[in-house]
Amino acid sequence: MQDEKVFIERLLHPKTQQDAFRELLQLYQKPLYNHIRNIVLNHDDTDDVLQNTFLKIFQNIAKFKGESKLFSWIYRIATNEALTFLQQKAKKTGISNEEVQQKELNKLESDVFFDGNEIQLKLQKAIARLPEKQQLVFKMKYFEELKYEEISEIVDTSVGALKASYHLAVKKIEEYLKTN
């Protein structure tokens, strides 16, 4: 995409870098917040991870090779930052990633930034029971409505494997919702 190349050049050039980065923030801040929030669940943690994500983007934009879309590269950074954050949080507290996620899930009801109802909480509980990769795929496809091709670039997995993961995730969620 020609426009993307020009935009990346603006991000790299010292004279246009600040304005271009402001545009990048404006364009990606809300969707990345939602993406990260879907992974870490906690508003304050999401803000921290979002800040780290934009910092990493800024520091590493010169390393962007253009082998994928800028969008995919940015989302891959956000995803990795969110997953790393959860791993570090689990390590610090001496509990598993699943337990960290369960604690955050239990806090969602009292979270003023969560506007979901009882059904959405139940869905979040069902998603939390999935393996990490199925969670990621389901959240990106279901909540963010990303295409399989986009998710494939973000998580570096084949489209076929993603379709299978999504299908399995949906089946497990349906089963959980029927029985709970």
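## Salt bridges

Arginine 10 forms a salt bridge with glutamate 23, with the closest N and O atoms 2.5 Å apart. A salt bridge here is a side-chain nitrogen of Lys or Arg within 4 Å of a carboxyl oxygen of Asp or Glu. This is a predicted model: local features need pLDDT of at least 70, side-chain atom pairs count only at pLDDT 80 or more, and totals for chains, interfaces and linings use all residues. Residues are numbered from 1 along each chain as its sequence is written, and side-chain values use heavy atoms, leaving out hydrogens and water.

The count comes to 5 salt bridges. Arginine 10 lies in helix H1 (residues 2-12) and glutamate 23 in helix H2, so this pair ties together parts that are 13 residues apart in sequence. Helices are DSSP runs (H or I, at least four residues), as strands are (E, at least two), numbered from the N terminus. Arginine 10 is partly exposed, at 25% relative accessible area. Glutamate 23 is partly exposed too, at 35%. Buried means under 20% relative accessible area, exposed over 50%, and partly exposed in between (1.4 Å probe, protein chains only).

## A linked network

Asp45, Lys89 and Glu104 are linked in a network of salt bridges. In one bridge, aspartate 45 and lysine 89 have their closest N and O atoms 2.5 Å apart. Aspartate 45 lies in helix H3 and lysine 89 in helix H4, so the pair ties together parts 44 residues apart in sequence. Aspartate 45 counts as buried, at 11% relative accessibility.

Lysine 89 also forms a salt bridge with glutamate 104, at 2.7 Å between the closest N and O atoms. That pair links distant parts of the chain: lysine 89 in helix H4 and glutamate 104 in helix H5 (residues 97-107), 15 residues apart. Glutamate 104 is buried, with a relative accessible area of 3%.

## Aromatic pairs

The whole structure holds 9 aromatic pairs. Rings of Phe, Tyr and Trp (its six-membered ring) pair if their centres lie within 6.5 Å; planes under 30 degrees apart count as stacked, over 60 as edge-to-face and the rest as tilted. Phenylalanine 71 and tyrosine 75 form a tilted pair, 4.5 Å centre to centre with 35 degrees between the planes. Both lie in helix H4 (residues 70-93), 4 residues apart, about one turn of the helix. Both are buried.

Phenylalanine 138 and tyrosine 166 have ring centres 5.6 Å apart and planes at 15 degrees, so this pair is stacked. Phenylalanine 138 lies in helix H7 (residues 132-142) and tyrosine 166 in helix H9 (residues 159-179), so the pair ties together parts 28 residues apart in sequence. Phenylalanine 138 is buried at 4% relative accessibility, and tyrosine 166 at 17%. Phe138, Tyr142, Phe143, Tyr148 and Tyr166 form one aromatic cluster.

## Two buried residues

Histidine 35 sits in helix H2 (residues 17-40). It is buried, with a relative accessible area of 1%. Leaving aside neighbours within four places in sequence, histidine 35 is in contact (heavy atoms within 4.5 Å) with Tyr75, Ala78, Thr79, Met140 and Glu144.

Threonine 53 lies in helix H3 (residues 43-60). Its relative accessible area is 0%, and it is buried. With the same neighbours left aside, its contacts include Leu32, Ile36 and Ala78.

## The whole chain

The protein chain has 9 helices and 0 strands. Buried residues make up 43% of its 180 residues. The C-alpha trace spans about 55 × 35 × 30 Å along its principal axes.
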